[in-house]
Amino acid sequence: MTPESVQPISKQRIFVGSAYLGTARSRTNLTIWIQALVDKVVFDAMIRDKDGDIVAIGVQYTKNGETSIVHARKEVIVSAGTFHSPKILELSGIGDADLLRSLGIDVVIDNPHVGENLQTHPYCTMAFEVRDQEGFQTMDGLIRQDPSTIKAAMESYQKQQEGPFTKSGLNATAHLPLPSYLMSTDGKTELDKVFKQSCEGAEPGKTTAAFAKAYEKFVHSVMSSPTEASVLYYSFPGFAMIEGEGGMADIPPGSKNWFTAATLLAHALSRGSTHITSASSSSLGLTVDPKCLSHPFDVEVLARHVQQLETISKTEPLASHLVRDGRHLPSSNNLSNLDEARDLVRQKAVAAHHYSDTCSMMPRELGGVVDEQLRVHWCKNLRVCDFSIAPLMTRCNPQATVYGIAEHGARIIKSSS
Ligand SMILES: Cc1cc2nc3c(=O)[nH]c(=O)nc-3n(C[C@H](O)[C@H](O)[C@H](O)COP(=O)(O)OP(=O)(O)OC[C@H]3O[C@@H](n4cnc5c(N)ncnc54)[C@H](O)[C@@H]3O)c2cc1C
């Protein structure tokens, strides 16, 4: 289950600002500047550490239109997220030498893997019309913005700190293995065949061959295990069909209650990238190419789980809560046909906002950007500490892992100072 970001006693929503920064902001050794945009990390080509590695001497930033440099006494920690951490590294001269030179940026560390290996979770949602049953409530009143439902929810929260505003909408999640019985009568053999064909048909990315091979082996071990989860299933008591560019589809007119479930691919083999397109720190100078579902095996896995989800909807105990032969979205595909299930995935799957891995923690020769101490390869006093360092995608929503990376990063930094 995804942890709720709600304080269990006060029932107030909490987030990283209130949970971590709120308790630390009065410390005398902490200075917070807001509306300050980091342009780049600054180096002095003449300064090297005892191993001959380059040393970061500070950070250039822009605030109120003025550009200044803040000097680092010990080290610099970049924590700008999956898109902006590699962007800051590239603007600082750490990245693919050819790209940097083409933009007129002096190369400090040539590492073509900065901004590569971009991953996320692609997912499909399916919505089912729910039978009108006494005492059976969904969140559809809130989704329709029905004034009486919103009023009742507000009152319930304000008076008793109860009701839908005290929790997230998700009511159950499950990690499920690949439905191998759908693959063929002799399951594993068919999985191996589909896997091999898919990998042979995949476009080679910029990931190193060694990492691509190791990752394929890992994904295959997950997929062929009857107990390892290949997909995370979510369910939501209401209409929440997400499609196209990630927007919510309109709730069908004339309908009352819905149940939505999503299948989210845990370990995608598709890899994208993000890179700067200009030497300026203006946020417009960035390309993001997630290449979601570009690896054929990702489509194969999601298609089989979409088929499984439809089977679950026709199975008790869910089946008797749904309108028999009722509205069911997306409705155009016959999902018992695998080709149609694949089409549904290609047309309707969206990318979750769980992007990661553009400054992967891996050995340099595998395509890494930071080492196991979060230090940028060949610059020991520059670390990256955010979700961009994860070399493997989490199997579920990343928030708890991001907090774990930050807490572990703090321990590493304290123990090395
Ligand atoms: C719409 C949305 C919904 C999501 N829902 C969920 C969810 O329900 N559950 C879940 O687990 N995850 C969810 N995620 C994912 C989760 O928010 C991210 O994985 C997580 O925030 C990543 O943390 P991070 O520290 O790596 O980066 P971020 O949280 O992006 O933090 C980076 C920070 O750096 C700042 N920054 C960037 N560039 C600069 C610069 N040049 N100078 C100064 N500051 C800079 C940014 O303003 C930002 O504050 C969601 C993400 C989105 C976008």
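## A walk from one helix to the ligand

Start by selecting residues 81–95: the C-alpha atoms at the two ends are 16 Å apart, and the stretch is 73% helix and 13% strand. Keep in mind that you're looking at a predicted model. Why pick this span? UniProt lists residues 81–95, in an unreviewed entry, for "domain: Glucose-methanol-choline oxidoreductase N-terminal".

Next, colour by domain. Domain 1 takes in 33–118 plus 355–416, while domain 2 is made of 122–272 plus 282–350. Drop a marker on each C-alpha centre and you'll have two points 33 Å apart. Now look at where the two parts meet: 20 residues of domain 1 are in contact with 24 residues of domain 2.

Then go to the ligand and show its surroundings. You should get 15 residues, with Val 38, His 353, Phe 387, Asn 397 and Gln 399 the closest. Sorted by class, that shell holds eight nonpolar, six polar and one charged residues. Switch to cartoon to see where they sit: strand 1 (36–48), helix 2 (81–91) and helix 10 (399–416) each give at least two residues to the shell.

Time to zoom in on the backbone contacts. At Val 38, a polar backbone atom is 2.9 Å from a ligand nitrogen. Move to Phe 387, where a backbone N or O atom sits 2.8 Å from a ligand oxygen. Finish at Gln 399: here a backbone N or O atom is 2.7 Å from an oxygen atom of the ligand.

Last stop, turn on the surface. How much of the ligand's accessible area does the protein cover? On its own the ligand has 990 Å², and the protein covers 52% of that.

Conventions: Residues numbered from 1 in each chain as written. Predicted model: local features only at pLDDT ≥ 70, side-chain atom pairs only at ≥ 80, totals over all residues. Heavy atoms only, no water. Near = heavy atom within 4 Å. Polar contact = N/O pair within 3.5 Å; in protein donor to acceptor, adjacent residues only side chain to side chain. Areas by Shrake-Rupley, 256 points an atom, 1.4 Å probe, with all protein chains shown as cover. Helix = DSSP H or I, 4+ residues; strand = E, 2+ residues; numbered from the N terminus. Nonpolar A, V, L, I, M, F, W, Y, C, P; charged D, E, K, R; others polar. UniProt positions renumbered as here; feature names shortened; annotations may be inferred. Domains from an automatic or database assignment. Contact = heavy atoms within 4.5 Å.
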